[in-house]
Amino acid sequence: LDLNLVPIFEDGSEFGGVLLVLQDVSAIRRLERMRSEFVANVSHELKTPVAAVKGFAETLLSGAVNDPEITKSFLQIIYDESERLNRLIGDILELSKIESRRVPLQFSPIELPSFVAKTVEVMTSEAARKHINLSMRVEPGLFVEADEDRLRQIVMNLLANGISYTPEGGKVSITVQPLIDGRPASGGDDPDYDNIRISISDTGIGIPKKDLPRIFERFYRVDKARSRSSGGTGLGLSIVKHLVELHHGTISVESTVGIGSTFIIDLPVIQ
Ligand code: ADP
């Protein structure tokens, strides 16, 4: 509680009493704390690649540049770290735009079978590189009303995570089902489905139970080193969650360590 005492003077001079103002500021304080934590996290995340770029450039400048082999490997590191900075800045800007609701969504009916096929196609080469079997199952005739670019961003992000956190030779799949009252409906021919469920499953490393409630938080990563080496920023899932919520949908996750993970998105059919 914030407490303020305001003296009241009647006719501008005569003391008339005290006004006691009590204000519940816990929500404001919590927001302030979250904001300053975010700024601290952002600064920390940005400092790491900047320090690497600076350090390797300095070493080159102070003589290492005379060795062509070292020069090449240091330049590669500088390039990779700059790319990482780029991704981080991009994700931070994206998240701040979404959080302050500065992304106007353009809803239109999306025909899911062709939408999913197109999106999966974009990811095939990345999956093939790791010999991961990427498959899709979607009943014909299913529609959902959504912002197509944003829906693609959601699905691509989850597929990319699936591929990235699954060892070589594993499987990643996407399934789209119609729901009525939260239960699977008979199919796209049933005109009464009220929600669409998009599930993205992998046979990857899985997520420990204790981390599950936190993975949608900004910069939260189960294994920092692993996320870093796969080029992750730790912001993907929080961006995905916000985008799903902008579609009035929900996202949840089920996972078993060593077996795999499934991310489940339920979207209302009509916005
Ligand atoms: P990152 O850029 O680190 O992948 P995300 O926000 O996309 O960040 O995910 C947050 C964390 O959740 C990841 O660092 C990883 O620990 C965990 N994670 C996300 N998707 C998966 C998955 N499919 N399998 C296992 N762990 C995952």
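**A walk through two pockets and a ligand**

Let's start with the walls of the largest pocket: sorted by class, its lining has 15 nonpolar, 17 polar and eight charged residues. Keep in mind as you look around that this is a predicted model. The pocket takes up a volume of about 990 Å³, and 40 residues line it. If you want to find its centre, look for Asn157, Asn161, Ser164, Tyr165 and Gly232, the lining residues that lie nearest to that point.

Which elements build these walls, giving two or more residues each? They are α2 (68-99), α4, β8 (195-202), α5 (224-229), α6 and β10. Among these, α4 deserves a second glance, since the largest share of the lining, nine residues, comes from it.

Now for what's inside. The ligand sits in this largest pocket. There are 19 residues around the ligand, and Tyr165, Ser227, Thr233, Gly234 and Leu237 come nearest. Tyr165 is a residue you've already met, as one of those nearest the centre of the pocket. Some elements of the pocket wall turn up again here too: α4 (148-164), α6 (236-246) and β10 (260-268) each supply at least two residues of the shell around the ligand. By class, that shell is made up of eight nonpolar, nine polar and two charged residues.

Zoom in a bit further and you can pick out polar atoms facing each other. Ser227, one of the nearest residues, has a polar side-chain atom 2.5 Å from an oxygen atom of the ligand. Asp202 also uses its side chain: an N or O atom there is 2.9 Å from a nitrogen atom of the ligand. With Gly236 it's the backbone that takes part, placing an N or O atom 3.3 Å from a ligand oxygen. How much of the ligand does the protein bury? On its own the ligand exposes 520 Å², and the protein buries 97% of that.

Before you leave, move over to the second largest pocket, which holds about 650 Å³ of space. It is lined by 21 residues, with Met34, Arg35, Phe38, Glu99 and Arg218 closest to its centre. The elements that give two or more residues to this lining are α1 (26-61) and α2, and α1 gives the most, with 10 residues. You may recognise α2, which also helps to line the largest pocket. As for the classes here, the lining of the second largest pocket has six nonpolar, five polar and 10 charged residues.

Key. Residues are numbered from 1 along each chain as its sequence is written. This is a predicted model: local features need pLDDT of at least 70, side-chain atom pairs count only at pLDDT 80 or more; totals for chains, interfaces and linings use all residues. Side-chain values use heavy atoms; hydrogens and water are left out. A residue is near a molecule or strand if one of its heavy atoms lies within 4 Å of it. A polar contact is a pair of N or O atoms within 3.5 Å; within protein, one must be able to donate a hydrogen and the other to accept it, and residues adjacent in sequence count only if both atoms are side-chain atoms. Accessible areas come from the Shrake-Rupley method with a 1.4 Å probe; for residues, only the protein chains shown count as cover. On a 1 Å grid over the protein atoms alone, a cavity is a set of points where a 1.4 Å probe fits but cannot get out, and a pocket is an open set with protein on both sides within 12 Å along at least five of seven lines; lining residues have an atom within 4 Å of a point. A molecule sits in a cavity or pocket if more than half of its atoms lie within 2 Å of its grid points. Helices (H or I, at least four residues) and strands (E, at least two) are DSSP runs, numbered from the N terminus. Ala, Val, Leu, Ile, Met, Phe, Trp, Tyr, Cys and Pro count as nonpolar, Asp, Glu, Lys and Arg as charged, and the others, Gly among them, as polar. Grid points are joined across faces, edges and corners, and a volume is the space filled by probe spheres set on the points.
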